[in-house]
Amino acid sequence: MIINYDIFHSGLVSFISILNDSGFLHNEYGPAEIGYSYNKGIPIVSSEKWFISGDLHRIGGPAAIYYNFYGAGVEAERYYINGLKHNELGPAETRYQIIVGDRVMIKSHYYLNNLMLTKEEWEDQLATKLYW
């Protein structure tokens, strides 16, 4: 396992990356890449990405999560399996807006095996398992 630290010009950490011995982003136990932004010098996690052997991949949750700059919550989520946008439980891409402390979905896209579908097509595909 190799741990990389990417540094801003100011000397503050921008990303922490975990690589396997082959040099691919990889972590079986959590995010392989964590991005940071800073608000008045205080570090805030800005993104978390789960990778297996260089591919975005996570079972049971989003493989990429982007957080609001002010630490007020999740701004976007993306689901991937083996590097392909895929979610059988709902949208594979979702954007949120924080309105008076509540997270409101403002945009979503449905994918199965990297194929973007309407919600109705996605439901039909799941009902018949046509994407297998």
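**Group meeting: a walk through the sheet, the cores and the salt bridges**

Let's start with A63: setting aside neighbours within four places in sequence, A63 is in contact with E48, K49, W50, L56, H57, R58, R78, Y79 and Y80, where contact means heavy atoms within 4.5 Å. Before I go on, this is a predicted model, so local features need pLDDT of at least 70 and side-chain atom pairs count only at pLDDT 80 or more, while totals for chains, interfaces and linings use all residues. Residues are numbered from 1 along each chain as its sequence is written, and side-chain values use heavy atoms, with hydrogens and water left out.

A63 also belongs to the largest nonpolar core, 7 residues in all, together with L19, L25, A32, F51, L56 and Y80. By nonpolar core I mean a set of buried Ala, Val, Leu, Ile, Met, Phe, Trp, Tyr and Cys residues joined through side-chain atoms within 4.5 Å. Buried is under 20% relative accessible area, exposed is over 50%, and partly exposed is in between, using a 1.4 Å probe and protein chains only. There's a second, separate core of 5 residues, including L112, L117, W122 and L126.

Okay, the sheet. Which order do the strands come in? It's an open sheet of 9 strands, β1-β2-β3-β4-β7-β8-β11-β12-β13, with antiparallel pairing. β1 (2–7) and β13 (115–117) are at the edges with a single partner strand each, so one side of each has no neighbour in the sheet. From one strand to the next, the twist averages 20°. Strands (E, at least two residues) and helices (H or I, at least four) are DSSP runs numbered from the N terminus, and two strands pair if DSSP finds at least two bridges between them. For the angles, axes are lines fitted to C-alpha atoms, for helices over the stretch in contact, and values run from 0 to 180 degrees between N-to-C directions.

Walking in from the β1 edge, 6 bridges join β1 to β2 (residues 13–19), and Y5 has I16 in β2 as its bridge partner. I16 in turn has I34 in β3 as a bridge partner, with 3 bridges joining β2 to β3. Then 7 bridges join β3 to β4; one pair there is Y38 with P43. The β3–β4 hairpin has 2 residues between the strands, and K40 takes a positive phi near 55° in it. β3 is mostly covered, with 6 of its 7 residues buried. Over at the other end, helix α1 (residues 119–128) lies across β12 and β13, at about 55° to β12.

Now the charges. How many salt bridges does the structure hold? There are 4, counting a side-chain nitrogen of Lys or Arg within 4 Å of a carboxyl oxygen of Asp or Glu.

K49 pairs with E33, closest N and O atoms 3.7 Å apart. K49 is in β4 (residues 42–49) and E33 in β3 (residues 33–39), so this pair ties together parts 16 residues apart in sequence. Buried or exposed? K49 counts as buried at 19%, and E33 counts as buried at 14%.

E77 pairs with R103 at 3.9 Å, linking β8 (residues 74–78) to β12 (residues 102–112), 26 residues apart. E77 is buried at 12%, whereas R103 is partly exposed at 44%.

Last one: R78 meets E93 at 3.7 Å, N to O, which links β8 to β11 (residues 93–99). R78 is partly exposed at 26%, and E93 is buried at 13%. Add K85, and R78, K85 and E93 are linked in a network of salt bridges.
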